[in-house]
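Please find below a colleague's note on the structure under review. It is written for a reader who is new to structural work and is best read with the structure in view.

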Amino acid sequence: MFAQSADLPGALRDRWPTWAASGDRRIAAGRKLQIFEENHLPLINQKIDACLEGGLSAAYVKTFATRSPNLLLAVASAIAVAYRQGCRRELQNVKPEVARAFAEVIAESGIDRKAAGINARSWVAGPHIIAPHFTRRGKIALDILGPNLCDVDRDGDDLDRVLWQHGSDFVLLDAEGWSYFNSKGEPKKPLPGTNPLHAVGVCPAVPFVSFDGGPDFWATTAHNGLVDATLTIGYKAALGLFTRNVRGTPQTTVFADIEKMPQGQVMGHPFLPLLLPTDAGTKLQVDADAVVKPEDYLAEISALITMAVSAEGLPPGSVTMQANSGGMEWGGLAINAEGPRLAAHRDKQVPPLKASELALWPIICDLIRGSTHRHARILPSGDEIRELLRVNFPDLSSPTEQLQRIEVMKAGLAFGLSSPSDLMLAARPEVGRPEVEEERKKNLEEYLTNIEPLVNRNLPANAPEAHGAQTLAQEQGRAGGRESGRSRAMQAAQENDDA
């Protein structure tokens, strides 16, 4: 791909002199995403050639190469869980029409459909750049730029410029607008109906990050061990399938005077009997010990998996390669990353993703306010959005664990050892105490609002389901009437017996 070339074409090279230096980094990110997208069969074939030094043996083994098992994809799917139960993006203390407009912008952007994929891809390959723009129909949309196709000028986490490849062309986004270049580096006119300028005042792009990559902004070497293990497992699985095909039945050896054997025999073929010369007459030997069982290769693959996943925060045994039918058939990739492990991975990913979300929506609102979008005159400015916006990721702990936390909290309340706020802070460490207190106050107000009609009318909580909307007095009158009637009937029966 051109994005992996050493330099930029034409005049564009002068506008982005550091592009060539990022080539190796873009190639490495491309390999990771190639595996994640299950387009990595060529990489497995390269691994087979490297391990078997090419030649006929490598050619045979490559015919059995497959994209499965894909360890990198399996681990990423199990670990990238920050958006597993969605994400709440709300504006606090605004008019209903403003809250409704903001909710419509969120839905229009498609972030809810794309967030889980962004989470997984940025976990696999490093930061993905999100650049909002308008479609020709005037709707807000998101460009999702992988690290294999783009480069940035930045000041910390703030982006000053972004350059990326779009097909054979290039796009440059900065604080003024979008600039377009063809494959020769020559400027291009924007598409009809689009505005190449914006009024945000800064480069409208935000990096989405799923983990702390340390001092390296692009986290270039992160998960390289998982990449290596995935390709090695692909080689081992292909080799195992090839060997099983060759050694799936007992090895047959024919000792004979080969010159006197019928013509047309194939010497040294892996699927046919082995022919050896002898002077002692023809002899047939069948060696059942030569049969290779899948478990011999699966055990080695399991060891590779254990070493790779341990570095990713998954305990040994979380991801395994298992054989079926007593080890005589290939099994599947088994993943166990539920319960507390999910909450632990969520707690690592949510803080950087929340920071990205909080940076994105003020930029989108400023972009809309400087356009002809239908909500341009309704939404507050980006500075106001930063004060009003609340982004919350649900707790992924199991209901059992949540109930246990509540019980512990209740037991410690009387001794001053705990509080409801501490409970929420432990469940969602990415939020601060002021935000928790605000959320608790809002939840309590909503609860009191819901029960106020019941309290004012003495209405039993189960009345709508039981007897319709009846007051407590009506319920008591009904019950009293029944008891009174039952007492009078018993008294009348007693009088009749005495008579």
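The numbered points that follow treat the strands, the cysteines, the cavity and the pockets in turn.

1. The model discussed here is predicted. The remarks below should be read with that origin in mind.

2. The first topic is an open sheet. Three strands make up this sheet, in the order 3-2-9, and their pairing is antiparallel. Strand 3 (140-145) and strand 9 (206-208) occupy the edges; each has a single partner strand, so one side of each lacks a neighbour in the sheet. On average, and with direction ignored, neighbouring strands of this sheet are turned by 35° against each other.

3. Within this sheet, strand 2 covers residues 128-134 and runs antiparallel to strand 3, to which six bridges join it. One of the bridge pairs places Ala 131 opposite Asp 143 of strand 3. When inspecting such strands, the reader may recall a general rule: side chains in a regular strand alternate between the two faces of the sheet.

4. Strand 5 takes part in two hairpins, which are best considered together. On one side, strand 4 (residues 150-155) pairs with strand 5 (residues 158-166) in the antiparallel sense through six bridges. Arg 154 has Leu 159 of strand 5 as its bridge partner. Two residues lie between strand 4 and strand 5 in this hairpin, and Gly 156 in the turn shows a positive phi of about 70°.

5. Strand 5 also pairs with strand 6 (residues 169-173), again in the antiparallel sense, over five bridges. Here Leu 163 is matched with Leu 172 of strand 6. This hairpin has two residues between strand 5 and strand 6, and Gly 167 in the turn has a positive phi of about 65°.

6. How many disulfides does a search of the whole structure find? The search finds zero. Two cysteines may be examined individually. Cys 87 has a relative accessibility of 14% and therefore counts as buried, the limit being under 20%. Cys 365 is also buried, at 0% relative accessible area.

7. A search of the whole structure finds one cavity of 30 Å³ or more. The largest cavity has a volume of about 40 Å³. Its lining consists of Arg 25, Ala 28, Ala 29, Lys 32, Ala 125, Pro 147, Trp 218 and Thr 220. Helix 2 (residues 23-36) gives the most to this lining, with four residues. Sorted by class, the lining holds five nonpolar, one polar and two charged residues.

8. The largest pocket contains about 1,000 Å³ of space. It is lined by 41 residues, and the closest to its centre are His 133, Phe 134, Asp 143, Tyr 180 and Thr 194. Strand 2, strand 3, strand 5, strand 6 and strand 7 (178-181) are the elements that give two or more residues to this lining. By class, the lining comprises 18 nonpolar, 16 polar and seven charged residues. Asp 143, noted above as the bridge partner of Ala 131, thus reappears among the residues closest to the centre of this pocket.

9. Which residues lie nearest the centre of the second largest pocket? They are Asp 157, Asp 158, Val 206, Pro 207 and Phe 217, out of 25 lining residues. This pocket holds about 550 Å³ of space. Strand 5, strand 9 and helix 10 (340-369) each give two or more residues to its lining, and helix 10 gives the most, with five. The lining divides into 16 nonpolar, three polar and six charged residues.

Definitions and conventions:
Residues are numbered from 1 along each chain as its sequence is written. This is a predicted model: local features need pLDDT of at least 70, side-chain atom pairs count only at pLDDT 80 or more; totals for chains, interfaces and linings use all residues. Side-chain values use heavy atoms; hydrogens and water are left out. Two strands pair if DSSP finds at least two bridges between them. Axes are lines fitted to C-alpha atoms, for helices over the stretch in contact, and angles run from 0 to 180 degrees between N-to-C directions. A disulfide is a pair of cysteine sulfur atoms within 2.5 Å. Buried means under 20% relative accessible area, exposed over 50%, partly exposed in between (1.4 Å probe, protein chains only). On a 1 Å grid over the protein atoms alone, a cavity is a set of points where a 1.4 Å probe fits but cannot get out, and a pocket is an open set with protein on both sides within 12 Å along at least five of seven lines; lining residues have an atom within 4 Å of a point. Grid points are joined across faces, edges and corners, and a volume is the space filled by probe spheres set on the points. Ala, Val, Leu, Ile, Met, Phe, Trp, Tyr, Cys and Pro count as nonpolar, Asp, Glu, Lys and Arg as charged, and the others, Gly among them, as polar.
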